[in-house]
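Here is a small set of exercises to work through with the model open beside you. Try each task on your own before reading its solution.

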Amino acid sequence: MATIKDVAIMANVSPSTVSRVIKGNTRISKETTQKVHDCMRALNYVPNQMARSLVTKRSKTIGIIQKSGGNSIKQNPFLLDVLTGIHRYSDNHAYLTIVTTSTTEQELMIEVQRLIQSQYIEGFILLY
């Protein structure tokens, strides 16, 4: 997997310049920005979200809490449409989603508490 340093070497710029291009800094020339983007594509570079979250203190991750229940909940076609819509919207805004469900409300509460304590989730969508 390519790193920001690999992109910088290929583009003949500093890693901080690559970082600024990724962030959309307008002080970087259009030529340099294009060169960095071309190198990112050539190397199949994808920014490391975990590393970015350490710096930005944002995980860009949303938790989806699905109501526990029997087969009637699982077989509801509307639920799949809702999850698909949430995922598409999140993806368009560079967010990840984590879906959690459980067989009992107590287990679900424990899972949600773990997610909150991990500070990895920025917010939740409740599907109730």
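A residue counts as exposed when its relative accessible area is over 50%, as buried when that area is under 20%, and as partly exposed in between. Keep in mind as you go that this is a predicted model.

**Exercise 1. A salt bridge inside helix 3**

Task: Find out how the side chains of Arg-41 and Asp-38 meet, and classify each of the two residues by accessibility.

Solution:
- Step 1. Start with the pair itself: Arg-41 and Asp-38 form a salt bridge, with N and O 2.7 Å apart.
- Step 2. Place the partners. Both belong to helix 3 and sit three residues apart, about one turn of the helix.
- Step 3. Apply the cut-offs. Arg-41 has a relative accessible area of 53%, so this residue is exposed. Asp-38 comes to 38% and is therefore partly exposed.

**Exercise 2. The other salt bridges**

Task: How many salt bridges does a search of the whole structure find? Describe the one between Arg-58 and Glu-122, then the one between Glu-111 and Arg-114.

Solution:
- Step 1. The search of the whole structure gives three salt bridges.
- Step 2. In one of them, the side chains of Arg-58 and Glu-122 meet at 2.8 Å, N to O. Arg-58 is in the loop between helix 4 (49-56) and strand 1 (61-66), while Glu-122 is in the loop between helix 7 (105-118) and strand 3 (123-127), so this pair ties together parts that are 64 residues apart in sequence.
- Step 3. Check the accessibility of this pair. Arg-58 is partly exposed at 43%, and Glu-122 is partly exposed at 33%.
- Step 4. Turn to Glu-111 and Arg-114, whose closest N and O atoms are 3.7 Å apart. The cut-off for a salt bridge is within 4 Å, so the pair qualifies.
- Step 5. Glu-111 and Arg-114 are both in helix 7, three residues apart, or about one turn of the helix. Glu-111 is partly exposed at 26%, whereas Arg-114 is exposed at 54%.

**Exercise 3. Two helices in contact**

Task: At roughly what angle do the axes of helix 2 and helix 3 cross, and which residues make the contact?

Solution:
- Step 1. Look at the axes of helix 2 (residues 15-23) and helix 3 (residues 30-42): they come within 10 Å and cross at roughly 95 degrees.
- Step 2. Angles from 65 to 115 degrees count as roughly perpendicular, so helix 2 and helix 3 are roughly perpendicular to each other.
- Step 3. List the contact residues. Helix 2 contributes Thr-17, Val-18, Val-21 and Ile-22, and helix 3 contributes Thr-32, Thr-33, Val-36, His-37 and Met-40.
- Step 4. Sort them by class: five are nonpolar, four are polar and none is charged.

**Exercise 4. A closer look at Val-21**

Task: Is Val-21 buried or exposed, and which residues does Val-21 touch, not counting those up to four places away in sequence?

Solution:
- Step 1. Val-21 is in helix 2. Its relative accessible area is 5%, so Val-21 is buried.
- Step 2. Leaving out residues up to four places away in sequence, Val-21 touches Ile-28, Thr-33, Val-36 and His-37.
- Step 3. For a C-alpha distance to check in your viewer, take Val-21 and Gln-34: they are 13 residues apart along the chain, and their C-alpha atoms are separated by 9.1 Å.

**Exercise 5. Positive phi values**

Task: Where do Asn-44 and Ala-94 lie, and what is phi for Asn-44 and for Ala-94?

Solution:
- Step 1. Asn-44 lies in the loop between helix 3 and helix 4. Its phi is near 55 degrees, a positive value in a residue other than glycine. Asn-44 is exposed at 63%.
- Step 2. Ala-94 lies in the loop between helix 6 (77-92) and strand 2 (96-100). Here phi is near 60 degrees, again positive in a residue other than glycine. Ala-94 is exposed at 52%.

**Exercise 6. The sheet**

Task: In what order do the strands of the open sheet lie, and which strands stand at the edges?

Solution:
- Step 1. Three strands make up the open sheet, in the order 2-1-3, with parallel pairing.
- Step 2. Strands 2 and 3 stand at the edges with a single partner strand each, so one side of each has no neighbour in the sheet.
- Step 3. From one strand to the next, the twist averages 25 degrees.
- Step 4. Strand 1 and strand 3 run parallel and are joined by five bridges. Ile-62 stands opposite Gly-123 in strand 3.

How values were computed: Residues numbered from 1 in each chain as written. Predicted model: local features only at pLDDT ≥ 70, side-chain atom pairs only at ≥ 80, totals over all residues. Heavy atoms only, no water. Axes fitted to C-alpha atoms, helices over the stretch in contact; angles between N-to-C directions. Helix = DSSP H or I, 4+ residues; strand = E, 2+ residues; numbered from the N terminus. Parallel < 35°, antiparallel > 145°, perpendicular 65-115°, else oblique. Contact = heavy atoms within 4.5 Å. Nonpolar A, V, L, I, M, F, W, Y, C, P; charged D, E, K, R; others polar. Buried < 20%, exposed > 50% of the residue type's maximum accessible area, 1.4 Å probe, protein only. Pairing = 2+ DSSP bridges.
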